[in-house]
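Q: I'm new to protein structures and would like to learn how to read one. Could you take me through this one, feature by feature?

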Amino acid sequence: MTHPNDRPRLKHNGRFQSSPGTDARAAHAAQLRADNPTMTYQQIADAVGYSNKGDCWRAVQRCRETVLREAGADLVASEAQLLDDLFVSAMEILERDHVMVSHGKVITGEDGRPLLDDGPRLAALRELRAIRESYRKLHGVDQPAKVEHSGGVTFEIVGVDPQDLV
């Protein structure tokens, strides 16, 4: 028999919110299903304490969705960390002074000081822009592009004389 505090509660949006007890029972049902794939949902419901196989099935589905959502969040966090590392590397290149080299020799100005090459800094800026774009896509920040279409559609019925349709 379930404890009254283990029952799902109705949230303000009209959906049920699980409790630690219902979460534990759902996890137990999912574990039974994983360990015993030939076990029916009714058998699992009986073993865990669900009133019917439908409630048991829904509990197992919630567990699957939770695991997928957590795995997806972990993947996004991992990709974000890689992009952050790339961003830091590109910033280091951007902030460094790069001397101009031609035929293996440093090019100097009239004052004898090496001339600076803006090429590597510009390349770093392009990479920073690309990394930011990847970051926006990863987190879904960009709005989807709207495509508008105007014009008409013409249908052609093959093998039928248009005069016969009148």
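A: Let's start with a term. A salt bridge here is a side-chain nitrogen of Lys or Arg within 4 Å of a carboxyl oxygen of Asp or Glu. Keep in mind that this is a predicted model.

Q: How many salt bridges does a search of the whole structure find?
A: Three of them. One joins the side chains of Asp55 and Arg58, at 2.9 Å from N to O. Another joins Arg113 and Asp111, at 3.9 Å. Then there is Lys137 with Glu133, at 3.5 Å.

Q: Where do Asp55 and Arg58 lie?
A: Both sit in helix α3, three residues apart, and that is about one turn of the helix. Lys137 and Glu133 both belong to helix α4, four residues apart, again about one turn of the helix.

Q: How do I decide whether a residue is buried or exposed?
A: Look at the relative accessible area: under 20% is buried, over 50% is exposed, and in between is partly exposed. Asp55 has 27%, so Asp55 is partly exposed. Arg58 is partly exposed too, because its value is 43%.

Q: And what about Arg113 and Asp111, buried or exposed?
A: Arg113 reaches 59%, so Arg113 counts as exposed. Asp111 is exposed as well, with 53%. The pair in α4 is mixed: Lys137 is exposed at 57%, while Glu133 is partly exposed at 34%.

Q: Can we step back? How many helices and strands are there in the protein chain?
A: Four helices and four strands. Read along the sequence, they come in the pattern β-β-α-α-α-β-β-α.

Q: How much of the protein chain is buried?
A: Buried residues make up 16% of the 166 residues. As for the surface, the chain has an accessible area of about 13,500 Å², and 54% of that belongs to carbon and sulfur atoms.

Q: What can contacts tell me about the chain?
A: You can ask how far apart along the sequence the partners are. Take the contacts in this chain with a separation of 6 or more: 36% of them are between residues 24 or more positions apart.

Q: How do I check the length of a helix, say α4?
A: Count 1.5 Å a residue and compare the expected span with the distance between the end C-alpha atoms. For α4, the 21 residues should span 30 Å, and the ends are 31 Å apart, so the two agree.

Q: Which residues are buried in α4?
A: Ala124, Leu128 and Ile131 are buried there. They cover an arc of only 65° around the axis, so they are on the same side of α4.

Q: What do the buried residues of α4 pack against?
A: They pack against α3, which runs over residues 53-95. On the face turned away from the buried side, α4 carries the exposed residues Arg129 and Lys137. You have already met Lys137, as the salt-bridge partner of Glu133.

Q: What about Gly119, where is that found?
A: Gly119 is in helix α4. With a relative accessible area of 33%, Gly119 is partly exposed. The C-alpha atoms of Gly119 and Val99 are separated by 9.9 Å, and these two residues are 20 residues apart along the chain.

Q: Which residues make the nonpolar surface patch?
A: Val99, Val101, Val106 and Leu116 make the patch, and its area is about 330 Å². Leu116 is in the loop between β4 (105-106) and α4 (119-139). Its relative accessibility is 47%, so Leu116 counts as partly exposed.

Q: I've heard about phi angles. What should I look for?
A: Most residues other than glycine have a negative phi, so a positive value is worth a look. His103 has a phi near 55°, a positive value in a residue other than glycine.

Q: Where is His103, and is His103 buried or exposed?
A: His103 lies in the loop between β3 (101-102) and β4. Its relative accessible area is 79%, so His103 is exposed.

Q: What phi does Gly140 take?
A: A positive one, about 65°, and Gly140 comes just after α4.

Notes: Residues are numbered from 1 along each chain as its sequence is written. This is a predicted model: local features need pLDDT of at least 70, side-chain atom pairs count only at pLDDT 80 or more; totals for chains, interfaces and linings use all residues. Side-chain values use heavy atoms; hydrogens and water are left out. Patches are made of residues with over 30% relative accessible area and no salt bridge: like charges are joined within 9 Å, nonpolar side chains (Val, Leu, Ile, Met, Phe, Trp, Tyr) within 5 Å. Accessible areas come from the Shrake-Rupley method with a 1.4 Å probe; for residues, only the protein chains shown count as cover. Helices (H or I, at least four residues) and strands (E, at least two) are DSSP runs, numbered from the N terminus. Buried means under 20% relative accessible area, exposed over 50%, partly exposed in between (1.4 Å probe, protein chains only). The expected span of a helix is 1.5 Å times one less than its number of residues. The arc is that of the directions from the helix axis to the C-beta atoms. Contact means heavy atoms within 4.5 Å.
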